[in-house]
Protein chains: 2
Amino acid sequence: MTEANRPLPMKTDKISELTTNRLSVYLRCLNELSASGVETVSSQSMAEQFNLNSAQIRKDLAYFGEFGVRGVGYYVDDLRQNLLKILGLTQRHNVAIVGMGNLGLALANYHGFNRQSFEIVALFDDDPAKIGTHARSRQEILSIDALQVVIREKEIDIVIIAVPAAVAERVFEKVVEAGVRAVLNFAPVHLHAKPGTKVKTVDLTISLESLSYFLAKPKSDSVNVDYSDFLHVEGERNGTP
Amino acid sequence: MTEANRPLPMKTDKISELTTNRLSVYLRCLNELSASGVETVSSQSMAEQFNLNSAQIRKDLAYFGEFGVRGVGYYVDDLRQNLLKILGLTQRHNVAIVGMGNLGLALANYHGFNRQSFEIVALFDDDPAKIGTHARSRQEILSIDALQVVIREKEIDIVIIAVPAAVAERVFEKVVEAGVRAVLNFAPVHLHAKPGTKVKTVDLTISLESLSYFLAKPKSDSVNVDYSDFLHVEGERNGTP
DNA sequence: AATACTTTGTACTGATTGTAACAATCTATT
DNA sequence: AATAGATTGTTACAATCAGTACAAAGTATT
């Protein structure tokens with residue numbers, strides 16, 4: 001079974017986020033392979049090229065179906081299409097950014113996102129001096145008062161919160177109230193997400209302090225963070241403590 | 001034993017990064033408590049206030065010493081000082097940012113870092129049009145050719161890489177060659193760190209794709225990511241696969 | 001001073017995660 | 001067609017991690 005259009009599978013329920021984060025890594029690897037003209041790849045070959053574990057690749061993929069061909073490996077483009085589908089990247093996501101400080105502005109102009117899947121369709125701030133201006137010749141910055149209306153009008157399904165910690169929770173509540181279920185949070189606070197909503201927090205402070213700890217600890221010997229450091233929302237054991 | 005100036009402990013070796021990341025969270029909680037004038041706090045009280053597990057707090061702290069007083073709890077300021085010391089935040093870190101694109105510029109002006117512990121002392125880029133200009137009235141942007149000299153002169157011990165994926169590895173090698181052992185990487189690539197060097201990668205693509213997966217999966221029921229989503233470099237089981 | 005009460009530090013248990021090993025199954029070759 | 005070779009999908013195992021339970025050790029009270 002090697003066609004890309006298989007009905008997507010079964011119990012995608014109990015699948016760990018560590019697994020799905022690795023799918024993103026695999027997808028990136030496959031993109032490279034595809035660009036290089038490679039047509040098939042074995043889990044072992046992929047593992048060697050990208051510092052991964054072949055068994056883990058196979059197991060991660062096996063949660064979602066049988067994408068490989070025994071004796072051959074995986075068809076690069078086929079698997080790539082499957083991963084796109086699994087990760088929900090075959091459909092366009094409309095993204096809004098709230099908070100046009102330095103970080104928000106940078107994200108608004110960031111070219112690293114997968115442009116085919118994520119489109120930034122609205123920018124918000126509460127500073128009257130900023131509202132109405134354009135973020136580097138792109139989107140107009142809207143008043144945060146229009147947040148909920150615009151979210152519904154433009155069918156925004158992902159919101160990036162880049163506001164100061166003090167107001168993050170309030171913004172979050174408004175966003176959720178408007179029907180958004182997925183939030184990428186850069187404020188260094190805990191946002192209390194209710195069931196059915198997902199918050200992914202990127203905490204730069206913790207990242208830096210982690211490096212500080214590494215430098216400070218007595219025996220700073222031999223820490224080789226491999227591809228594993230792509231998996232940066234691990235923890236998440238269970239939802240309600 | 002409640003004084004802040006205890007000799008820092010023992011086998012800080014086998015301590016998981018999940019644990020040390022949580023220390024950053026605890027430190028943040030203690031900052032809040034201290035600012036509110038709270039003098040002592042029990043692990044249970046802290047757990048309730050910040051959605052944590054009290055036993056985990058105690059266990060995490062116990063790796064590094066006995067900071068609490070039975071029957072009382074922890075002295076907020078004392079524990080705070082201890083955590084600062086454990087995390088290496090009592091000494092100033094000189095930070096450089098390489099890559100003055102949108103993200104690099106934003107980070108250069110970001111006010112979210114702990115200003116007391118981290119000072120951004122140098123900015124680099126390879127674009128002649130940018131070199132010599134000043135990033136929003138602050139640091140002058142230096143040529144990347146001066147990277148290694150400046151790292152040594154200014155005693156830079158942490159480097160933030162915010163360059164395109166294609167050149168990240170090359171920058172990383174130069175940085176390491178100059179003696180830097182701690183790198184915060186925003187490029188969506190795997191940097192091959194040798195023992196004794198630590199790389200922490202923040203991958204925005206994976207974060208977004210994780211949200212996309214959540215929205216796409218059939219039964220998007222009830223995912224309550226609690227404080228655990230602060231622990232965003234989990235994985236990292238062992239170094240050499 | 002002795003007892004009751006509180007909270008820590010830790011041993012134990014259960015769950016999760018990652019790695020190794022192997023049987024099943026495909027392709028290629030004789 | 002049958003055999004050899006390769007690679008997947010899966011099972012079994014080992015290591016790590018989080019949560020519970022409890023003894024140890026302090027404070028407050030009588």
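**Helix H2 of chain B and DNA strand C**

Visitor: Which oxygen of DNA strand C lies 2.7 Å from a backbone N or O atom of B:Ser43?
Guide: In this predicted model, that partner is a phosphate oxygen of the strand.

Visitor: And what lies 3.0 Å from a backbone N or O atom of B:Gly71?
Guide: A sugar or linking oxygen of DNA strand C does. In chain A, an N or O atom in the side chain of A:Lys59 is 2.7 Å from a base oxygen of the strand.

Visitor: How many residues surround DNA strand C?
Guide: There are 27, and the closest are A:Lys59, A:Arg70, B:Ser43, B:Arg58 and B:Tyr74. Of the strand's atoms that come within 4 Å of the protein, sugar and phosphate make up 70%.

Visitor: Which element gives the most to that surface?
Guide: H3(A) does, with four residues. By class, the surface near DNA strand C has 10 charged, nine polar and eight nonpolar residues.

Visitor: Back to B:Ser43: is this residue buried or exposed?
Guide: B:Ser43 is buried, as are B:Met46, B:Ala47 and B:Phe50, within helix H2 (residues 43–50) of chain B. These residues lie on the same side of H2(B), because they cover an arc of only 100 degrees around the axis.

Visitor: What do they pack against?
Guide: The buried residues of H2(B) pack against helices H1 (17–35) and H3 (54–62) and strands S1 (40–41) and S2 (74–75), in chain B.

Visitor: Which exposed residues are on the face turned away?
Guide: That face of H2(B) carries B:Gln44 and B:Glu48.

Visitor: What follows H2(B)?
Guide: B:Asn51 follows, with a positive phi near 60 degrees.

Notes
Residues are numbered from 1 along each chain as its sequence is written. Chains are lettered from A and ligands numbered from 1 in the order in which they are written. This is a predicted model: local features need pLDDT of at least 70, side-chain atom pairs count only at pLDDT 80 or more; totals for chains, interfaces and linings use all residues. Side-chain values use heavy atoms; hydrogens and water are left out. Buried means under 20% relative accessible area, exposed over 50%, partly exposed in between (1.4 Å probe, protein chains only). Helices (H or I, at least four residues) and strands (E, at least two) are DSSP runs, numbered from the N terminus. The arc is that of the directions from the helix axis to the C-beta atoms. Contact means heavy atoms within 4.5 Å. A residue is near a molecule or strand if one of its heavy atoms lies within 4 Å of it. A polar contact is a pair of N or O atoms within 3.5 Å; within protein, one must be able to donate a hydrogen and the other to accept it, and residues adjacent in sequence count only if both atoms are side-chain atoms. Ala, Val, Leu, Ile, Met, Phe, Trp, Tyr, Cys and Pro count as nonpolar, Asp, Glu, Lys and Arg as charged, and the others, Gly among them, as polar.
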